Amino acid sequence: MVWLRVLASSIVGAVFILSGFLKLIDPIGTSLIMTEYFKVFGVDFLRSLSVPSGIVISMLEFSLGISLMLRIRLKELSWVLLAFVSFFTLLTFYLAVFEPINDCGCFGEAIKLTNYQTFYKNLVLLVLAVFIFLQKNNYRILTSRLMEWGIVSLSALAGLLLAIYSLVYLPPVDFTVFCPGTYIEDVISGGDDVEYMTRFVYEKDGRREEFGMENLPDSTWTYVESITETVGEGGNAGFMPLPVTAEDGTDLSSYIWEDTGRAFVSVIYNPSISERKISKIADMSRYFARTGGVRHFVLCSTDLSFAESLYGKGVISPVYRSDYKSLITFCRSNGGTVFMDSGEIIKKWSSNAGLSEKYMDEILKKDPKELAVSEEIWDNLFWEILLLAAVVALAVGNILLRKYNVKKHILPVSNSDGEGNCGHDSVA
């Protein structure tokens, strides 16, 4: 039974670590999924909690995964594991049967599963979780209670710090369809039969309604978001519309995205952006106006009045309107910047990045292809280093914990199946 216990905890632990990590490095993307869940279950008023709730769930997954891989505190945490897996098995069964949303978001943007694939995956995890729960008293204690809970707490803290970093800056790896190295025309072109339609959501007296460009409401309504949907048949799997409309509603998408040459795009998907970030966009617009030769424009997912207000705050570059979900996929940072060359996405920066004029001078002197290759090399290097670090950390952790056991004389005496019991703290 020893190898079965180790195998079960290792499989579930690996899945939980991967799932939690992929969501922690993209908390904005995770919040989009949480918002979809809130809408489905009629608690849309909780959408302001989509980011923190997504981080908390991801932290729980990540720290549970670490605990399972190291096989620590399973006597207590197996209860949490069983409840967690049971809940999500029921949830994904509901999603598979009724399909209220297309993507459960289990592995963020990195790995896409259908609702039925997710349900089957959770069924397997449920069987393993039940086995771990039934065997919880046969898992050996590796070290003191204080040290084991310390490891659980540190893993949760590491997940939190990773999420905060990705919020303040950008995800260390971009898994969206608009990742660096992608030609934007390949993403926004859904086929000859695909068109898209944008609707605008406004709120008044607690009531939300959708409007088209031709019948926008008066100023007594509050803008909430814009929604773009495809119309017609066809389309490719990686299709994501990125509409661009002028102040009068004219569709400029073809003009904007088919233009060759270099361009810097500032993205504002949420009107609750700080004045400091707007000031940075204004400085950037003046910089490109002076230097010339490089296009700069602003894309907003806001109402017309906000877009027009940017001109009064020092922005002299063109300001266009787009779709909220498309923009938040295009750049995860509200007020962030995307650098493009001949239709290819080269590099992205957070709104908190220090894009000084000196830095932009250096960027413009470099070969865009070289920058794109550097981004791809960094992505590959990041995963190689991360995988190596994870293997080393888990191996060293197991070795140190077992050495601690030997040193403190708390290794259990082996029983008939190779495991044992600790006299002072039972087994976990």
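1. Two strands count as paired if DSSP finds at least two bridges between them. Strand 7, residues 337-341, meets that rule with strand 8: five bridges join the two. They run antiparallel. One facing pair is easy to look up, since Asp341 stands opposite Glu344 in strand 8. Keep in mind throughout that this is a predicted model.

2. Start with the overall count. The protein chain holds 13 helices and 10 strands. It has 428 residues, and 48% of them are buried. Now take the contacts in the chain with a separation of 6 or more. Of these, 73% are between residues 24 or more positions apart.

3. Strands 7 and 8 belong to an open sheet of five strands. The order across the sheet is 6-5-4-7-8, and the pairing is mixed. Strand 6 (319-321) and strand 8 (344-349) form the edges, each pairing on one side only. On average, neighbouring strands in the sheet are turned by 30° against each other, direction ignored. As background, strands of a sheet pair through backbone hydrogen bonds, either parallel or antiparallel.

4. Which helix packs on this sheet, touching strand 4, strand 5 and strand 7? Helix 9, residues 275-291, does. The strands touched are strand 4 (262-268), strand 5 (295-300) and strand 7. The direction of helix 9 makes about 150° with that of strand 5.

5. Met284 is a good residue to follow here. Met284 is found in helix 9. Is Met284 buried or exposed? Its relative accessibility is 6%, and buried means under 20%, so Met284 counts as buried. Beyond its neighbours within four places in sequence, Met284 is in contact with Ser266, His296, Thr337, Leu355 and Met360. Leu355 is 71 residues away from Met284 along the chain. Even so, the C-alpha atoms of Met284 and Leu355 are separated by 8.3 Å.

6. Next, enclosed space. Rolling a probe the size of a water molecule over the atoms shows where empty space is left. There are two cavities of 30 Å³ or more. The largest cavity holds about 80 Å³ of space. Met284 and Leu355 both line this cavity. The rest of the lining is Lys277, Lys280, Ile281, Gly335, Thr337, Ser350, Ser351 and Ala353. Helix 9 supplies the largest share of the lining, four residues.

7. The second largest pocket is another place to look. About 650 Å³ of space lies in it. How many residues line the second largest pocket? The lining has 21 residues, and Ile17, Phe62, Leu386, Ala389 and Ala390 lie nearest the centre. Helix 1 (2-24), helix 3 (50-70), helix 6 (145-168) and helix 13 (368-408) each give at least two residues to this lining. Helix 13 has the largest share, with 11 residues.

8. Last, the cysteines. A disulfide is a covalent bond between the sulfur atoms of two cysteines. How many disulfides does a search of the whole structure find? The search finds zero. Two cysteines can be placed by their accessibility. Cys106 has a relative accessible area of 15%, which is under 20%, so Cys106 is buried. Cys300 counts as buried too, because its relative accessibility is 0%.

Definitions and conventions:
Residues numbered from 1 in each chain as written. Predicted model: local features only at pLDDT ≥ 70, side-chain atom pairs only at ≥ 80, totals over all residues. Heavy atoms only, no water. Axes fitted to C-alpha atoms, helices over the stretch in contact; angles between N-to-C directions. Contact = heavy atoms within 4.5 Å. Disulfide = S-S within 2.5 Å. Buried < 20%, exposed > 50% of the residue type's maximum accessible area, 1.4 Å probe, protein only. 1 Å grid on protein atoms, 1.4 Å probe; cavity = no way out; pocket = protein on both sides within 12 Å on 5 of 7 lines; lining within 4 Å. Points joined across faces, edges and corners; volume = space filled by probe spheres on them.
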